[in-house]
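Me: Could you take me through this protein step by step, and explain how each answer is reached?

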Amino acid sequence: MSEVYPVPLNNLWLDADDTNSGVRLFTSEAAESSARVLERKDRTGQHAPYYEYRDAAMSRCSQFRPEWIKELRIVKSGDPLDPDVQMNNGHLMMQTTLFLGPVDFYYTDRHGRVHRKEMSTGEI
């Protein structure tokens, strides 16, 4: 159909609902088996472990892929410009980040200034 009409095939394709009444179960074993460690440059310029990512429960109908993230490099200086801090690139514009336990949250404001905010469980 997309060869005849100017409609992309992905606009016509509907994935089957893979949830049970809107709920998708995902075991801790499945999450652990998806674990991957991302490295970022440290203050010496060497690549070193920074985050561990794991998949979380996701439906084929979801618009984004939720992930569990564990900090592997703990920066204790409190300085958002500490060379051990590495900013991520490419988070979804409307992404929500939820925290379990204490975490330093770094962000760049619209003026290009980097900030650090101490966050904890339940804060957004």
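**Burial, shape and core**

Me: What share of the 124 residues of the protein counts as buried?
Reply: The model is a predicted one, and a residue is called buried here when its relative accessible area is under 20%. Counted in this way over the 124 residues of the protein, the buried share is 19%.

Me: Which pattern do the helix and the strands follow along the sequence?
Reply: The protein has one helix and five strands. Reading along the sequence, one meets these elements in the pattern α-β-β-β-β-β.

Me: Is the protein more spread out or more compact than the globule rule gives?
Reply: For 124 residues the globule rule gives 14 Å, whereas the radius of gyration of the protein is 19 Å, which is well over that value. The C-alpha trace spans about 55 × 35 × 30 Å along its principal axes. Because the radius of gyration is well over what the rule gives, the protein is, compared with a compact globule, more spread out.

Me: Which strand gives the most residues to the largest nonpolar core?
Reply: The largest nonpolar core has six residues, namely Tyr 50, Tyr 51, Tyr 53, Val 75, Val 85 and Tyr 106. Three residues of this core come from a strand that covers residues 47-55, and the strand that gives the most is therefore strand 2.

Me: Which residues does Val 85 touch, leaving out those up to four places away in sequence?
Reply: Val 85 belongs to the largest nonpolar core, and a contact requires heavy atoms within 4.5 Å. With residues up to four places away in sequence not counted, Val 85 touches Tyr 50, Val 75, Asp 79, Pro 80 and Tyr 106.

Definitions and conventions:
Residues are numbered from 1 along each chain as its sequence is written. This is a predicted model: local features need pLDDT of at least 70, side-chain atom pairs count only at pLDDT 80 or more; totals for chains, interfaces and linings use all residues. Side-chain values use heavy atoms; hydrogens and water are left out. Helices (H or I, at least four residues) and strands (E, at least two) are DSSP runs, numbered from the N terminus. The radius of gyration is taken over C-alpha atoms; the globule rule is 2.2 Å times the number of residues to the power 0.38. Buried means under 20% relative accessible area, exposed over 50%, partly exposed in between (1.4 Å probe, protein chains only). A nonpolar core is a set of buried Ala, Val, Leu, Ile, Met, Phe, Trp, Tyr and Cys residues joined through side-chain atoms within 4.5 Å.
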